[in-house]
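Here are a few short exercises to work through with the model on screen. Try each one yourself before you read the solution.

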Amino acid sequence: MNRRQEERNCARTNCRSAKEENKRSAVKKILIMLMTIMPLAAMASDDKPISYEELPAAAKTFIQQNFPDAKVALATVESQSWNPTYDVIFTDGTKLEFIASGQWKDIDCKYSRVPDSVIPEKIRAFIAQHNPENYVKEIERDRNNYEVKLDNGLEVRFDINGEFRGYDD
């Protein structure tokens, strides 16, 4: 081999080594980031199991009135929050979320329909008129809006007074 060929081979080898070292360095950085983020993510979702009796009174009353035959599989409280939320999961997969006062925030009936007693009259009337063959599987509310998901996947938005605001994809 002449000197030029040796220099080329050496340069290729060093180049490959540098590339491999860069890959290793990138993998190390990713692993360090993951090791840092994972404990933070675990802390962020600090749901603590509680007994049904520990739910706010308004939440228990709501469940008794609107889901009288449901069996609670799990109740949790998000304890890391200054304003805790409560989740209740029934044995049929239905999930309810309550704010600290015990008022419902989200009702997700995986395999059934949301009880009519929970859905405001204007929203029920709109669904009956515009989507008579469908039913409400999920309903979520905040201070200003309701978002309703039908069994066909269609999402419908209403203001807090039950006035239609639009469809979501």
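**Exercise 1.** Work out in which sense S2 and S3 pair, and over how many bridges.

*Solution.* Start with the terms: strands are DSSP runs of E with at least two residues, helices are runs of H or I with at least four, and both are numbered from the N terminus. Two strands pair if DSSP finds at least two bridges between them. S2 and S3 pass that test with five bridges, in the antiparallel sense. To see one of the partnerships, find Leu74, whose bridge partner in S3 is Ile89. Before going on, note that this is a predicted model, where local features need pLDDT of at least 70, side-chain atom pairs count only at pLDDT 80 or more, and totals for chains, interfaces and linings use all residues. Residues are numbered from 1 along each chain as its sequence is written, and side-chain values use heavy atoms, with hydrogens and water left out.

**Exercise 2.** Find what joins S1 to S2.

*Solution.* Strand S2 covers residues 72-78, and four bridges tie S1 to it, with the two running antiparallel. Look for Lys48: it stands opposite Val77 in S2.

**Exercise 3.** Thr76: buried or exposed?

*Solution.* First place Thr76: it sits in strand S2. Next, the cut-offs: buried is under 20% relative accessible area, exposed is over 50%, and partly exposed lies in between (1.4 Å probe, protein chains only). Thr76 has 10% relative accessibility, so it counts as buried. Now its contacts (heavy atoms within 4.5 Å): beyond residues up to four places away in sequence, Thr76 touches Asp47, Lys48, Pro49, Ile50, Thr85, Tyr86 and Asp87.

**Exercise 4.** Put the strands of the open sheet in order and name its edge strands.

*Solution.* There are nine strands, and the order is S1-S2-S3-S4-S5-S6-S7-S8-S9, with antiparallel pairing. The edges are S1 (47-50) and S9 (164-168), each pairing on one side only. From one strand to the next, the twist averages 20°. Angles run from 0 to 180 degrees between N-to-C directions, with axes fitted to C-alpha atoms, for helices over the stretch in contact. Helix H2 (residues 57-66) packs on the sheet, touching S3, S4 and S5, and its direction makes about 150° with that of S4. Helix H3 (residues 121-130) packs there too, touching S6, S7, S8 and S9, at about 140° to the direction of S8.
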